[in-house]
Amino acid sequence: MARMKFLCDADRCIECNACVTACKNEHEVPWGINRRRVVTINDGKPGERSVTMACMHCTDAPCAAVCPVNCFYTTADGVVLHSKDLCIGCGYCFYACPFGAPQYPKVGNFGSRGKMDKCTFCAGGPEADGSKEEYEKYGANRLAEGKLPLCAEMCSTKSLLAGDGEIIAQIYKERVMKRGYGSGAWGWKTAYRETIES
Amino acid sequence: MLHARKKRRSAFLTWAALLAVLPLEVTTAFAQLRGHGGPVRALAISPDGQTAVTGSFDSTAIRWSLARNAAEQVLRFHADAVNAVVLLKDGRAATAGADGRIAIWTPGKAEPDAVLEGHTAPIAALAASPDGATLASASWDQTVRLWPLAGGAARVLEGHAQNVNGVAFAPDGRTLVSVSYDQSLRIWPLSGSSSPTIVAMPSPLNAVTVGGDGEIVAGGADGKLYFLSGAGAAAGEIAAGPKPVISIAISPDGALLAAAGIGGSVAVIDRKARALARTLIGPGLPVWSVAFLPDSRTLLTGGADNIIRRWDAVTGDTIDPLLLETAGDPLAAYAGDHGAEVFRACVACHTLNAEQANKAGPTLAGIFGRRIATLPGYHFSEGLKRLDIVWTPETVSKLFEIGPSAYTPGTKMPEQRIGSEQDRAALVQFLERATGK
């Protein structure tokens, strides 16, 4: 079984936000929630870079360590998912996530009590694959259909890669070898506790 | 390959499975500062070291006598978790919560003197100005607010692009520092109209503190501590550990720095040498809050096991060795029981039998046949006391069919609905088995 990962090649991101739009559309993500966002570092200055950020489906996911109701689980292919039936919206996972991935919809006067929402790697949730219940809570389950996450599929510069971690790491290595530089696979070490050796 | 994917739960051993079950009432002995019914998210110690105030997920704050090792008062006001506490110069305490409100408390009074409202999302941190005149709050509504304690409108500081998690005043009271998950630290001048200094940081940030010499220390998701001058110039960094840092404290003499994180340990840093002096190892559960006593040696930590622990920060020893004990998984005896799995969403707030006391919510021991909001010893919302509901399998099932906010208006319970009739039936059957003992 492959270990699914995201890879963000910051040298290729053109801040087009197609990944953000694709995600919102594919999963009908509600107003006020962004499972993915593009962040520009050093905006307008030398060394400016844009990176696309979402849940990276970390190895030994820190969000799971702080959850008071044990709502997180990891699929056989390494995708970190959660059960919205169990989540109580406490917000503790936000403090633990290095990528600011957990989002909390406002269900009342304050934002604290909505169920947490985050990127699912287009892999749905605990409900039956492709079911109506799964779609309503978590969005589309493209992995169950043999497809990869739509954000990466839509990326016009292939800055964002998604798939078997070994394969996308190899692609990144070849890119760095060919172009002769690489500012790093953004977030890779933080999420997966390893570096990509060029 | 993808078609063959199977979802399975990994062996995440979360702290939820280890939650200690602890008493909430002040009448119980508290020799080991046990009393909260949920993670201890916030901690403040008075300048004389006689009093501590803690805030918890159980929606209460507790004022403790450190001289007597006893709880003196349970502060009940917030409708959600208490995320921040601070002791004011005049001896009062301020508490702030996920309900977006700040309450100001005089010792001994059952109700807050004042309630400060304005934030539209949970408040994550509080700080009191050195002159005691102003309270600062950091919120997930992406603002910082400055509240004049003598009264008057709050000043709103806008600019952060993500949740603001930490706030601290400079010792001269001229500037305020805030940190956010937007990977920035802002230094706000408190007089004049000049713009804040914005410092881009390498990591999303959870906590900030300022030393007596004006040095700023911030920590966050990458487990590192970043040192900055009062003007925002980088002045070093050190790794506190591999997991995110949640809370930071500087000892009153300025020599030590303590950084607590979700990994369950507390890093004690020699501040001058910028070196890790030692790591305090607890039971491995997240540590949410940390504070030094005036002796600059004794450290209090509040964690996910609901307990406030005391440590000797110089030797690294725990002062209450027995506190390293933890309880087991409260649902371990029900392994394989589907109803218990459905109930897992409830374990953060409810216990099942009479030996286990109330937590954020009342114990469910003997729930069937009991009228709503009548369990002795639990502080129920006023709205619930007016409802005409007796808990039966049918009413419990209805609660989760239409949701607590619709079925029990006025409840503080998080909105939980169980769509599957089978799951509701399994939960009710489990409660009948588990709560009647």
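**Exercise 1. Find the domains of chain B in this predicted model, and state how far apart their centres lie.**

Let's begin with the assignment: chain B is divided into domain 1, covering 16–319, and domain 2, covering 332–434. Next, take the centres over C-alpha atoms: those of domain 1 and domain 2 of chain B are 32 Å apart. Remember as you work that the whole model is predicted.

**Exercise 2. Decide how much confidence the predictor places in chain B and in the complex.**

Start with the chain: chain B has a mean pLDDT of 87, with 90% of its residues at 70 or more. Then look for a weak stretch: residues 1–31 of chain B have a pLDDT below 50, although this stretch makes 77 contacts in the model beyond near neighbours in sequence. Finally, turn to the complex, for which the predictor gives an ipTM of 0.85 and a pTM of 0.83.

**Exercise 3. Work out the strand order and pairing in the four-stranded open sheet of chain B.**

First, write down the order, E13-E14-E15-E16, with antiparallel pairing. Second, pick out the edges: strand E13 (164–169) and strand E16 (197–200) of chain B each pair on one side only. Third, consider the angle: neighbouring strands of this sheet are turned against each other by 15° on average, ignoring direction.

Now zoom in on one pair. Strand E14 (residues 175–180) and strand E15 (residues 184–189) of chain B are joined by five bridges in the antiparallel sense. As for a single bridge, Val179(B) has Leu185(B) in E15(B) as its partner.

**Exercise 4. Explore the largest nonpolar core and the surroundings of Val85(B).**

Begin with the count: this core holds 185 residues, and those touching the most other members include Val85(B), Leu126(B) and Val208(B). Next, ask which element contributes the most: strand E9 (residues 123–128) of chain B does, giving six residues. Then check the domains: domain 1 (16–319) and domain 2 (332–434) of chain B each supply at least three residues to this core.

To finish, follow Val85(B) outwards. Setting aside residues up to four places away in sequence, its contacts include Ala42(B), Val53(B), Ala93(B) and Leu126(B).

**Exercise 5. Classify Tyr172(A): is this residue buried or exposed?**

Locate the residue first: Tyr172(A) sits in helix H6 (residues 165–179) of chain A. Then apply the cut-off of 20 or more other C-beta atoms within 10 Å. Tyr172(A) has 20 such atoms, so this residue is buried.

Which residues does Tyr172(A) touch, leaving out those up to four places away in sequence? They are Leu7(A), Asp9(A), Ala185(A) and Ile196(A). As a last step, compare Ala76(A), 96 residues apart from Tyr172(A) along the chain: their C-alpha atoms are separated by 24 Å.

Notes:
Residues are numbered from 1 along each chain as its sequence is written. Chains are lettered from A and ligands numbered from 1 in the order in which they are written. This is a predicted model: local features need pLDDT of at least 70, side-chain atom pairs count only at pLDDT 80 or more; totals for chains, interfaces and linings use all residues. Two strands pair if DSSP finds at least two bridges between them. Helices (H or I, at least four residues) and strands (E, at least two) are DSSP runs, numbered from the N terminus. Axes are lines fitted to C-alpha atoms, for helices over the stretch in contact, and angles run from 0 to 180 degrees between N-to-C directions. Domain bounds come from an automatic or database domain assignment. A nonpolar core is a set of buried Ala, Val, Leu, Ile, Met, Phe, Trp, Tyr and Cys residues joined through C-beta atoms within 7 Å. A residue is buried if 20 or more other C-beta atoms lie within 10 Å of its own, exposed if 12 or fewer, and partly exposed in between; C-beta atoms are placed from the backbone. Two residues are in contact if their C-beta atoms, placed from the backbone, lie within 7 Å. pLDDT is the predictor's confidence in each residue, from 0 to 100.
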